[in-house]
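Me: I have a protein model open and would like to learn how to read it. Could you walk me through some features, one at a time?

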Amino acid sequence: MFTGIVEELGEVTAVEPLQEASRFRLRGPLVTEDAKHGDSIAVNGVCLTVVETADGEFTADVMQETLNRSSLGALTKGSRVNLERPMALGGRLGGHLVQGHVDGTGEILSRTPSEHWEIVKVALPENLSRYVVEKGSITVDGVSLTVVEAAADWFTISLIPTTLALTTLGIKQPGDPVNLEVDVLAKYVERLLAAGVDPLRANPTGEPQ
């Protein structure tokens with residue numbers, strides 16, 4: 001589980017195509033300082049498993065399914081990426097609950113700079129539209145953000161200087177793809193309501209009271 005608070009701006013140092021998969025080597029001295037084989041690290045919001053670490057770098061194998069459902073397949077040597085380690089139990093939840101399971105990809109439509117922040121408009125896939133609401137939470141390339149406006153096929157986010165400086169959202173341009181993860185709580189509520197269960201009145205067995 002992650003919080004969407006990016007710890008480090010990393011870099012892809014190598015991409016090795018495999019059969020129906022790819023092996024990535026990424027540089028991230030901070031996130032690898034206590035990482036070991038089998039640990040998880042979010043890369044642009046995608047939860048990946050560490051294969052090995054050495055000299056501030058780690059490798060991760062990415063299945064074809066993940067390449068198809070995220071923008072990781074577009075990464076090449078030299079690409080900058082957002083990195084985050086899993087949250088520690090008992091720690092502060094600075095963003096919102098993020099699983100690192102990408103729901104789909106969007107596209108940067110426009111950027112509107114102002115004196116102290118920048119408004120970014122992002123295309124929203126039709127199947128995710130119902131989960132995105134004004135003032136709600138969404139994860140864009142692994143960054144926990146608050147939705148400013150929400151339409152049927154787009155939403156906007158407001159980026160402060162810190163986010164612009166310390167994440168890839170500062171360098172993404174119109175036309176660039178981004179990974180999107182909607183609030184998992186909204187998906188659980190939708191599933192319960194579809195089953196005829198009132199989430200506020202259900203007992204631990206799942207049967208309505």
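Reply: Sure, we'll go through strands, turns, a helix, salt bridges and one contact patch. Keep in mind that this is a predicted model.

Me: Let's start with the strands. In what order do the 6 strands close into a barrel?

Reply: To read a barrel, follow the strands from neighbour to neighbour. Here the order is β1-β2-β5-β4-β3-β6, with antiparallel pairing. On average, neighbouring strands of this sheet are turned by 45 degrees against each other, direction ignored.

Me: Okay, zoom in on one pair. How many bridges pair strand β2 with strand β5?

Reply: β2 takes up residues 21-27 and β5 takes up residues 57-63, and they pair in the antiparallel sense over 7 bridges. If you want one rung to click on, S22 has V62 in β5 as its bridge partner.

Me: And what about strand β1, which partners does that one have?

Reply: Take β6 to begin with: β1 (residues 8-18) pairs with β6 in the antiparallel sense over 4 bridges. On that side, E8 stands opposite L83 in β6. β1 is also joined to β2 by 7 bridges, again running antiparallel. There, L18 stands opposite A21 in β2.

Me: How many residues sit between β1 and β2 in their hairpin?

Reply: The hairpin has 2 residues between the strands, and E20 in the turn has a positive phi of about 55 degrees.

Me: Where else should I look for a positive phi in a residue other than glycine?

Reply: Try D141, with phi near 50 degrees. D141 is in the loop between β9 (137-140) and β10 (143-150). Another case is D55, which isn't a glycine either and has a positive phi of about 55 degrees. You'll find D55 in the loop between β4 (46-54) and β5.

Me: Is D141 buried or exposed? And D55, buried or exposed?

Reply: Relative accessible area settles that: under 20% is buried and over 50% is exposed. D141 has 0%, so D141 is buried. D55 has 73%, so D55 is exposed.

Me: Now a helix. What caps the N-terminal end of helix α3?

Reply: Look at the residue just ahead of the helix and see what its side chain does. α3 covers residues 184-194, and D183 caps its N-terminal end, with a side-chain oxygen 3.1 Å from the backbone nitrogen of L185. Following α3 is G196, whose phi is positive, near 80 degrees.

Me: How many salt bridges does a search of the whole structure find?

Reply: The search finds 11. Once you have a salt bridge, ask where its two partners sit along the chain. For D34 and R85, the side chains meet with an N to O distance of 3.1 Å. This pair links distant parts of the chain, 51 residues apart: D34 is in the loop between β2 and β3 (40-43), while R85 is in the loop between β6 (80-84) and β7 (104-113). R85 is buried, with a relative accessible area of 17%.

Me: Which salt bridge stays within a helix?

Reply: E65 and R69 give you one, at 2.4 Å from N to O. An α-helix has 3.6 residues a turn, so residues three or four places apart point the same way. In this structure, both E65 and R69 lie in helix α1 (residues 64-69), 4 residues apart, about one turn of the helix. E65 is partly exposed at 43% relative accessibility, and R69 is exposed at 51%.

Me: What does the salt bridge between D103 and K187 tie together?

Reply: Their side chains meet at 2.7 Å, N to O. D103 lies in the loop between β6 and β7 and K187 lies in helix α3, so the pair ties together parts that are 84 residues apart in sequence. K187 counts as partly exposed, at 25% relative accessibility. There's also a network: salt bridges that share partners join E7, E33, D34 and R85.

Me: Last one: which residues does L9 touch?

Reply: For contacts, skip the close neighbours in sequence. Leaving out residues up to four places away, L9 touches R80, V81, N82, L166, T167 and T168. L9 lies in strand β1 and is partly exposed, with a relative accessible area of 27%. L9 and L166 are 157 residues apart along the chain, yet their C-alpha atoms are separated by 6.2 Å.

Key:
Residues are numbered from 1 along each chain as its sequence is written. This is a predicted model: local features need pLDDT of at least 70, side-chain atom pairs count only at pLDDT 80 or more; totals for chains, interfaces and linings use all residues. Side-chain values use heavy atoms; hydrogens and water are left out. Two strands pair if DSSP finds at least two bridges between them. Axes are lines fitted to C-alpha atoms, for helices over the stretch in contact, and angles run from 0 to 180 degrees between N-to-C directions. A polar contact is a pair of N or O atoms within 3.5 Å; within protein, one must be able to donate a hydrogen and the other to accept it, and residues adjacent in sequence count only if both atoms are side-chain atoms. A salt bridge is a side-chain nitrogen of Lys or Arg within 4 Å of a carboxyl oxygen of Asp or Glu. Buried means under 20% relative accessible area, exposed over 50%, partly exposed in between (1.4 Å probe, protein chains only). Contact means heavy atoms within 4.5 Å.
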